[in-house]
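Got a minute to look over a model with me? Here it is, sequence and structure together.

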Amino acid sequence: MATLVELRNTSKTFGTGWFSRKTVALRDFSMAVDEDEPTITALVGESGSGKTTIARLILGLIPPTTGEVLYRDKPLLELSRTERQQFRRDVQVIFQDPFEVYNPFYKVDHALHLPVRKAGLASSRDEAVEVIEGTLRQVGLNPRDTLGRYPHQLSGGQRQRVMVARALLLSPKLIVADEPVSMVDASLRATILENLRQLNTEFGISIIYITHDLTTAYEISEKIVVLYRGVIAEQGDVVPVVQEPEHPYTQLLIGSIPMPDPDQKWQQGLEVVAPSTDATAETMTADYAGCQFADRCPHAMEMCSESPPLYQTASNRVVSCHLYREEAAA
Ligand code: SF4
């Protein structure tokens, strides 16, 4: 099985200068995206969990402090010019706020013509227009209502879908979708999620879906990685992880789901919320060597002062918690 992109034991620490305060954004994180098996994987976590750091590492926007980021088994830093160009085509991103991506002085056409020209996707302007219009239709946009307009003349949903079309133009193999529905209203959320699903099922593109919203993660993903303060809490197929969570943090999140039972009180929604604790993420992540969830965990015990490894609790599932120490380490 060919591996497209892999993060191998990557860690990322910010503020490594003499006088700056160190923050560990990611610890010893590994994941791989297979080329032959396009899947949707959700990275779920609250602010400071490391999910955006993972996205930036995959895209080659930042280097890891330790560990490696590989494209087709080769470290990103060692790619030749041609390999780097191919990497730029294969791995695309859809950002949280598409408005920030557009230059307000250019019509949206500019954002679409640029990749067509750079990647040599058309031999004439007419051909470029044909390619762009075809791609806009594929994501449910009418070219006549979209092209020739400035970003502010489009709705948030249209701008987001133009970004999906822009990514699709380059026939990528992986799209990193960074909170793509957090800035749009509920009526457009379903459309954009459907677009992502379509990219996966119809075009064979793997999606890394970054979110703090468990509902949408459950809705569209096959696999899920639950992150907490820069480490994996739990990882596996989305249905068993959400329906029978094993890590105390995942259990806490799932326990917050509103229940259909009319006698059951509605609590908070499915959004992953910041911790209600005196200890901040930074005080624990910088030097603390134990379980990152220990200050909130109802099952914390003496051995939790040591960081738990990932225990393999099923064939496709790992949990970072000493409660599962009877299982083999992954
Ligand atoms: Fe709780 Fe200990 Fe498991 Fe961490 S390792 S989640 S503190 S039981």
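Below is a quick tour of two pockets, one helix and a nonpolar core.

## Ground rules

This is a predicted model, so local features need pLDDT of at least 70 and side-chain atom pairs count only at pLDDT 80 or more, while totals for chains, interfaces and linings use all residues. Numbering runs from 1 along each chain as its sequence is written, and side-chain values use heavy atoms, with hydrogens and water left out.

## The largest pocket

A pocket here is an open set of points on a 1 Å grid over the protein atoms alone, where a 1.4 Å probe fits, with protein on both sides within 12 Å along at least five of seven lines; lining residues have an atom within 4 Å of a point. The largest one holds about 960 Å³ of space, a volume being the space filled by probe spheres set on the points. Its lining counts 43 residues, and Ser30, Ile232, Gln235, Leu310 and Val318 lie nearest the centre.

Strands (DSSP E runs of at least two residues, numbered from the N terminus) show up a lot in this lining: β2, β8, β9, β10 and β12 each supply at least two residues. β2 gives the most, with 8. Domain 1 (3–221) and domain 2 (245–312) each put in at least three residues; those bounds come from an automatic or database domain assignment. By class, the lining has 21 nonpolar, 15 polar and 7 charged residues, where Ala, Val, Leu, Ile, Met, Phe, Trp, Tyr, Cys and Pro count as nonpolar, Asp, Glu, Lys and Arg as charged, and the others, Gly among them, as polar.

## The second largest pocket

The runner-up has a volume of about 670 Å³. Of its 20 lining residues, Arg88, Arg89, Gln92, Arg166 and Leu170 lie nearest the centre. Two or more residues come from each of α2, β6, α4 and α7 (helices are DSSP H or I runs of at least four residues), and α2 gives the most, with 5. The class split is 13 nonpolar, 2 polar and 5 charged.

## α7 and the core

How much of α7 is buried? The answer is 11 of its 14 residues, with buried meaning under 20% relative accessible area (1.4 Å probe, protein chains only). Right after α7 comes Ser171, with a positive phi near 45°.

The largest nonpolar core (buried Ala, Val, Leu, Ile, Met, Phe, Trp, Tyr and Cys residues joined through side-chain atoms within 4.5 Å) has 50 residues. α7 gives the most to this core, with 7 residues. Both domains contribute residues, so the core lies between them.
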